[in-house]
Amino acid sequence: MVTVKLMENVMKANEAAAEANARRMEEAGIFAVDMMSSPGSGKTTILERTLDALGGELRTAVIEGDLYTSRDAERVEARGAQVVQINTGGACHLDAKVVQQALESMDLQGHDLLFIENVGNLICPAGYRLGESERVMVLSVTEGVDKPEKYPAMFRSCSVALVNKIDLLEVLEMDIREVADEIRRVNPRMKILPVSARTGEGMEAWYEWLRVEVRRTRKSAVRA
Ligand code: MG
Ligand code: ZN
């Protein structure tokens, strides 16, 4: 069927571009994180906090994927990171080609860590590799406990889940264990980090994970 073929070609082209991106970043010794979530989960606030905390020790760049605006990019740029904005013009995910273009305009050698803030959407971003080292998702406790079961592809494709806004657990009468159980039912290997980007609670574990991964990436770049 023609439509199937077209989709296959699109995915093949994406895979090739993702491979090229991954190679470029490996050579430059950059640890790249694809950050995914539904809209409003707090990705940008987490990035702001992270840049404040790690700005002095890690050289961080950000690719901001957004449908139409540059509001998130401006927030992140105010934190002193190099930011490249991608407006998808309404497209609901980033693909490896647009990330490739963004990488071309960046000083890769000058960075250790790259965040790619994907478009807020729990469906198709999971299907498009960008060349990232790891996929991290943000799940806000305000989204309830049924997201993992409803969007299993996204939850299975990520290695870390930042469960955000835990300062609201009490108001919501929710238990973090319940959220964690639902995630593990879909992805038993998920690393779950409960955080509040607002109060800072739990954020140190996230920073430590980033430090370790950045160090590991640097080492293998030096060896190569
Ligand atoms: Mg955002
Ligand atoms: Zn999409």
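Reader: What covers the buried residues of α8?

Author: This is a predicted model, to say that up front. In it, the cover over the buried residues of α8 includes β5 (134-140), α5 (147-150), α6 (152-157), β6 (160-164) and β7 (191-194).

Reader: And which residues of α8 are buried?

Author: Helix α8 runs over residues 176-186, and its buried residues are V179, A180, E182, I183 and V186.

Reader: Why do those end up on the same side of α8?

Author: Because the arc they cover around the axis is only 160°, they sit on the same side of α8. On the other side, R177 and R185 are exposed.

Reader: OK, metals now. Which protein donors does the magnesium ion (ligand 1) have?

Author: T44 through OG1, D72 through OD and E117 through OE, lying 2.1 Å from the magnesium ion. Along the chain, these donors follow the spacing T-x27-D-x44-E.

Reader: Where do T44 and D72 lie, then?

Author: T44 is in helix α2 (residues 43-54) and D72 is in helix α3 (residues 71-77), so this pair ties together parts that are 28 residues apart in sequence.

Reader: Is T44 buried or exposed? And how about D72, buried or exposed?

Author: T44 is buried, at a relative accessible area of 5%. D72 counts as buried too, with 17% relative accessibility, because the cut-off for buried is under 20%.

Reader: What does T44 touch, leaving out residues up to four places away in sequence?

Author: With those left out, T44 touches D72, R75, V76 and E117. Two of those names, D72 and E117, also appear as donors of the magnesium ion.

Reader: Switching to the zinc ion (ligand 2): what are its protein donors?

Author: C92 and C124, each through SG, and H93 through ND1. They lie 2.0 to 2.2 Å from the zinc ion. In sequence the spacing reads C-H-x30-C.

Reader: Where are C92 and C124 along the chain?

Author: C92 is in the loop between β3 (82-87) and α4 (96-104). C124 is in the loop between β4 and β5, so to speak a distant part of the chain, with the two positions 32 residues apart in numbering.

Reader: How accessible are C92 and C124?

Author: C92 is partly exposed, with a relative accessible area of 36%. C124 is partly exposed as well, at 22%.

Reader: Last topic, aromatics. How many aromatic pairs are there in the whole structure?

Author: A search of the whole structure turns up 3 aromatic pairs. One of them is F115 with W206, a tilted pair at 6.2 Å centre to centre, with 35° between the planes.

Reader: What does the F115 and W206 pair tie together?

Author: F115 belongs to strand β4 (residues 113-117) and W206 to helix α9 (residues 203-223), so the pair ties together parts that are 91 residues apart in sequence. F115 is buried, with a relative accessible area of 0%. W206 counts as buried too, at 0% relative accessibility.

Reader: How do W206 and W209 pair up?

Author: They form a stacked pair, 5.8 Å centre to centre and with 15° between the planes. W206 and W209 are 3 residues apart in helix α9, so about one helical turn separates them. W209 counts as buried, at 10% relative accessibility.

Reader: Which residues do the ring pairs link into a cluster?

Author: The cluster linked by ring pairs is made up of F31, F115, W206 and W209.

Definitions and conventions. Residues numbered from 1 in each chain as written. Chains lettered and ligands numbered in written order. Predicted model: local features only at pLDDT ≥ 70, side-chain atom pairs only at ≥ 80, totals over all residues. Heavy atoms only, no water. Buried < 20%, exposed > 50% of the residue type's maximum accessible area, 1.4 Å probe, protein only. Helix = DSSP H or I, 4+ residues; strand = E, 2+ residues; numbered from the N terminus. Arc of directions from axis to C-beta. Contact = heavy atoms within 4.5 Å. Donors = N, O, S within 2.8 Å, 3.2 Å for Na, K, Ca; no water. Phe/Tyr/Trp six-rings, centres within 6.5 Å; stacked < 30°, edge-to-face > 60°.
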